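User: Hi! Could you walk me through this one while I have it open? I'd like to start with the contacts to the DNA.

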2 protein chains.
Amino acid sequence: MKNYSKQREVILNVLQGTNTHPTVSWIYSQARKTLPNISLGTVYRNLTELKKSGQIIEVSVEDGFQHFDGNTDTHLHFYCTKCHNIYDCACPENQLKNYLEENLGCNITEQKLIFNGVCKNCSVNI
Amino acid sequence: MKNYSKQREVILNVLQGTNTHPTVSWIYSQARKTLPNISLGTVYRNLTELKKSGQIIEVSVEDGFQHFDGNTDTHLHFYCTKCHNIYDCACPENQLKNYLEENLGCNITEQKLIFNGVCKNCSVNI
DNA sequence: ATAAAAACAGTAATCATTACTATTTTGCGA
DNA sequence: TCGCAAAATAGTAATGATTACTGTTTTTAT
């Protein structure tokens, strides 16, 4: 990722302009509003590059799609297994990271906590 | 999942007999040692059923494969982004679950914590 | 024993992701 | 400013994990 490109800037803006955790195809559709000819391969390549350079993170949930997040601060995620939304939550403590680094002797570079369950909306709308 | 089947039993045994977090194709290859004619579709179907009935859990990491775990106790996972192994860790506390349920008003049914980083072995073998 | 329901093996289809190619854009040094 | 090598792009083809389908076999209950 040495050279500037308009496409990469648009993709990053899309991610930074939402607090959702979108899939590639959603990012693609949003980017096309600004750049109608942008290629899907370009979206994939730039997401990989942006992740590699630490400007975005990837969120893995069990729906078979890649999800990305423009918020790189350490935070928690809640995944609703009913509506399949991913919610952000502030991280109340960082004790776990320290605990694991000491006990496993590992170096933790990213912290991704996923809680699965049923969210407030979904538990109301049975 | 109303009827017994030998195939389902073998698949569950495979998962309960390892402390790794195998992919479908690994489970398939292990199951074939006992049942040489078992079908890949049968493995997928039973993994879905076993997960639905709470006998196994799915672990999502960003490698594009489904991973499963025969240990359904609440515990943490560490994912090495170098060797791509997933490690189990005991959960030192359950405060986060309570915190989130109170603050989000949600009902958490599963707790999946993934730490990404580089594990002990991989940090030695540069 | 028998019949309906469930599960199976085997194969084909789907579709998110990756790879490839020819063309265009970017950055840098002359 | 010009030219060139590196990087990036659009568009298309290939890959491969997962799902769907079909005809047959197994299971369970009557």
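Analyst: Happy to! A polar contact here is a pair of N or O atoms within 3.5 Å; within protein, one must be able to donate a hydrogen and the other to accept it, and residues adjacent in sequence count only if both atoms are side-chain atoms. Please keep in mind that this is a predicted model: local features need pLDDT of at least 70, side-chain atom pairs count only at pLDDT 80 or more, and totals for chains, interfaces and linings use all residues. Residues are numbered from 1 along each chain as its sequence is written, chains are lettered from A and ligands numbered from 1 in the order in which they are written, and side-chain values use heavy atoms, with hydrogens and water left out.

User: Great. What does A:Gln7 reach on DNA strand D?

Analyst: A polar side-chain atom of A:Gln7 sits 2.9 Å from a sugar or linking oxygen of that strand, DNA strand D.

User: And which residues touch a phosphate oxygen of DNA strand D?

Analyst: Among them is A:Thr42, with a side-chain N or O atom 2.4 Å from a phosphate oxygen. B:Tyr4 uses a polar backbone atom instead, at 3.3 Å from a phosphate oxygen of DNA strand D. As for elements, helix H1 (6–16) and helix H3 (40–52) of chain A, along with helix H3 (40–52) of chain B, give two or more residues each to the surface near DNA strand D. Helices (H or I, at least four residues) and strands (E, at least two) are DSSP runs, numbered from the N terminus.

User: Which helix gives the most there?

Analyst: H3(A) does, with three residues.

User: Who comes nearest to DNA strand D overall?

Analyst: There are 19 residues around DNA strand D, and A:Ser5, A:Gln7, A:Thr42, A:Arg45 and B:Tyr44 come nearest. Sugar and phosphate make up 80% of the strand D atoms that come within 4 Å of the protein. A residue is near a strand or molecule if one of its heavy atoms lies within 4 Å of it.

User: OK, over to DNA strand C. Which residues come nearest?

Analyst: Out of 19 residues around DNA strand C, those are A:Tyr44, B:Ser5, B:Gln7, B:Thr42 and B:Arg45. For DNA strand C, sugar and phosphate account for 84% of the atoms within 4 Å of the protein.

User: What about polar contacts on DNA strand C?

Analyst: A:Tyr44 has a side-chain N or O atom 2.5 Å from a phosphate oxygen of DNA strand C, and the side chain of B:Ser5 also places an N or O atom 2.5 Å from a phosphate oxygen. One base contact is worth a look: a polar side-chain atom of B:Ser39 lies 3.0 Å from a base nitrogen of DNA strand C. H3(B) supplies the largest share of the surface near this strand, three residues.

User: Changing topic: how many disulfides does the structure hold?

Analyst: Zero, over all chains, where a disulfide means a pair of cysteine sulfur atoms within 2.5 Å.

User: Is A:Cys83 buried or exposed?

Analyst: In between: A:Cys83 is partly exposed, at 29% relative accessible area. B:Cys83 also counts as partly exposed, with 29% relative accessibility. Buried means under 20% relative accessible area, exposed over 50%, and partly exposed in between (1.4 Å probe, protein chains only).

User: Last one: what is chain A built from?

Analyst: Five helices and five strands, in the order α-α-α-β-β-β-β-α-β-α from the N terminus. Chain A has 126 residues, and 44% of them count as buried.
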